[in-house]
Structures are given as C-alpha cells and as structure tokens.
Amino acid sequence: MPKENYNKVAKITLVFWIMKIVATTLGETLGDYISMTLNLGYLLGLTITALFFFGVLVSQLVSNKYTPFIYWSVIVGTTTLGTEISDFIDRSLHLGYAMGSVFLITCLSVTLSLWFKKYKNLEVFPIVEKPKELYYWVALLFSNSLGTAFGDFISDNLGFSYLIGAMITGSIILIVILLHYYSKINHILLFWIAFVFTRPFGATFGDFLTKPLTKGGLELGTLQSSLVSIVIMVVLIYFSHKQKQTALK
C-alpha cells in the first residue's frame, strides 16, 4: 500500500493555504477575545489555549489517519496558542516583539535542525511516523508564534497600519509563490517561509477586522470576527473532507 495512505497531515494545495490564512485570522481574533475581550489576562489565556492545543494534539497523534476536522483543529490550536505566546512574551515578560521574534525564530531553527538531523529532510508531506509528526507540530507552533510576533512588530513597532501590514506580508507571500513556480529555490525552504508569513498576514487581517477605527481597524469585535472565521473554517473543512473522500474512491 502506498505510503501516502498512512499519511497524517494535509497535502499542500491552494485549499491548504486558504485554510491556513483563515485559521491564522481565527487564531488572532479568538486569542484576543480570550485574553483581552474577556479580560482573562495573558497568563490565563495562555493556559486555556495551551490546554485546547494539547487536547486536540493528543487526538491527532492517536489517530491513525488524516482526519480534516482533527488536523485543522490542531492548526487552529497552534495559531491561537501562538497569539497568546507572542502576547505573553511582549506584555507579561516585557521582552518586546522584536526580542520575541528573535527568541521564536531561534526555537524554530533549533526544531528544524533537530528534525533534519534525524530524518535528513524537512518534507512536510506525507508524514507517517509519530516522532516526525511531533517535530512537525512543534515547528508549526513556533512558526505561528513567530508569525504573530512579527506581525505585531510590523504594526506596533514600525507603526504601519494593520491593512498596510497585511499588504506587506501578503506581498512576501506572493514573492514566495512566484519563486516556487519560476525559480529552482528549494521548495521546502519556500514552504517554511510561506508558512511563517501567512501567520502575520492572517494576524494583521484579524487586527484590521477587530481594532478600533482610530487605530485603522474596522472595529467589528473579536467575538463577531471569530464566529465568522469559524463558519468559514467549518465550510472549508467540509470541502476538504469531501475532497479526501473523492480521492479515496
């Protein structure tokens, strides 16, 4: 039986990237809703999102196949927890987004180095072995935390509006896409660059939806924006599930 039949993770397609961006937007708005709108604070928000992340991660690890709902729940877990990690580093530890970005990129680099040392590659599809899957999820968590910190650095430290921040990160993603199709740059390297930068793209877009008009946002509210993102994610997960069923026929 082909190795892909035992695969545990999503295939990298256009739908994957669309869902990743929606998941990052949801992670930003939901993370802000928990820590800021509900006024639970960053430490409690970090604890709640960590419990959710580890809960869905266990479900993913014990499963013996790729299940879209479980997989994308873990992705949302990494984006929501990533928001809380970034905000905790900046606002509770007072290290700032720049220092937080340096710390998180170091953690990501160490994770990818250990991954490469063990498996001699950083291929993200298919993933069959559970130890390799753990590297995968740790790398994704650090990637999304880094993306959050970098996105906040663009808006808070560099002074760009949320819409301009989304345009900057969106432009980087577009360049990566062009390099993928029109250059010979390693596709795995481009994947990780795109994965990191889709996080601040979604995060700055989430901030654009929720922040006050005086700060360049639309002031839609974290709860309303989160609910809209959840509905979109459910529709996309259903579409992904139908795609999987069609592929198995």
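The legends below accompany close-up views of a predicted model.

**View 1. The nonpolar core and the helices that build it.** The largest nonpolar core in this predicted model has 51 residues, and the residues with the most contacts inside that core are Tyr71, Trp72, Trp115, Tyr136, Trp137, Trp192 and Met233. Two or more core residues are given by each of the helices α1 (14-37), α2 (42-62), α3, α4 (96-119), α5 (130-157), α7 (187-210) and α8 (222-248). Helix α3 provides the largest share of the core, with nine residues. In general, nonpolar side chains of soluble globular proteins tend to be buried together.

**View 2. The surroundings of Trp72.** Trp72 is listed among the residues with the most contacts inside the largest nonpolar core. When its neighbours within four places in sequence are left aside, Trp72 is in contact with Ala10, Phe16, Met19, Lys20, Tyr66, Met233, Ile237 and Ser240. One of these partners, Met233, is also listed with Trp72 among the residues with the most contacts inside the core.

**View 3. Thr78, a buried residue of helix α3.** Thr78 lies in helix α3, which spans residues 68-92. Thr78 counts as buried because its relative accessibility is 0%, where the cut-off for a buried residue is under 20%. The side chain of Thr78 makes a polar contact of 2.7 Å with the side chain of Asn144. Beyond residues up to four places away in sequence, Thr78 touches Phe53, Trp137, Leu140, Leu141 and Asn144, so that Asn144 appears both as a polar partner and in the list of touching residues, where a contact is defined by heavy atoms within 4.5 Å.

**View 4. Leu26 in helix α1 and its partners far along the chain.** Leu26 is found in helix α1, and with a relative accessible area of 4% this leucine is buried. Leu26 and Leu227 are 201 residues apart along the chain, yet their C-alpha atoms are separated by 8.4 Å. Not counting residues up to four places away in sequence, Leu26 touches Gly31, Val76, Ser226, Ser229, Ile230 and Met233.

**View 5. The packing of helices α1 and α3.** Helices α1 and α3 pack with their axes 8 Å apart and at an angle of about 45 degrees. The two helices are therefore oblique to each other, since an angle of this kind falls outside the ranges for roughly parallel (under 35 degrees) and roughly perpendicular (65 to 115 degrees) arrangements. The crossing in which α1 passes α3 is right-handed.

**View 6. The packing of helices α5 and α7.** The axes of α5 and α7 are 8 Å apart, and the two helices pack at an angle of about 50 degrees, an arrangement that is therefore described as oblique. Their crossing is right-handed. On the α5 side, the residues that meet α7 are Ala139, Leu140, Ser143, Asn144, Leu146, Gly147, Thr148, Phe150, Gly151 and Asp152, and on the α7 side the partners are Trp192, Phe195, Val196, Phe197, Arg199, Pro200, Thr204 and Asp207.

**View 7. Glu133, a buried acidic residue of helix α5.** Glu133 is found in helix α5, and at 0% relative accessibility this residue counts as buried. The side chain of Glu133 is joined to the side chain of Lys8 by a polar contact of 2.8 Å, and a polar contact of 2.8 Å also joins the side chains of Glu133 and Gln60. With residues up to four places away in sequence not counted, Glu133 touches Lys8, Gln60, Leu61 and Ile127.

**View 8. Backbone features in two loops.** Most residues other than glycine have a negative phi, and most peptide bonds are trans. His94, in the loop between α3 and α4, has a positive phi near 60 degrees although it is a residue other than glycine, and with a relative accessible area of 63% His94 is exposed. Lys120, in the loop between α4 and α5, likewise has a positive phi, of about 65 degrees, and is not a glycine; Lys120 is exposed, with a relative accessible area of 60%. Pro126 is also found in the loop between α4 and α5, and the peptide bond from Phe125 to Pro126 is cis, with omega near -10 degrees.

Note on methods. Residues numbered from 1 in each chain as written. Predicted model: local features only at pLDDT ≥ 70, side-chain atom pairs only at ≥ 80, totals over all residues. Heavy atoms only, no water. Helix = DSSP H or I, 4+ residues; strand = E, 2+ residues; numbered from the N terminus. Buried < 20%, exposed > 50% of the residue type's maximum accessible area, 1.4 Å probe, protein only. Polar contact = N/O pair within 3.5 Å; in protein donor to acceptor, adjacent residues only side chain to side chain. Core = buried A, V, L, I, M, F, W, Y, C linked by side-chain atoms within 4.5 Å. Axes fitted to C-alpha atoms, helices over the stretch in contact; angles between N-to-C directions. Parallel < 35°, antiparallel > 145°, perpendicular 65-115°, else oblique. Left-handed = near helix turned anticlockwise from the far one by under 90°.
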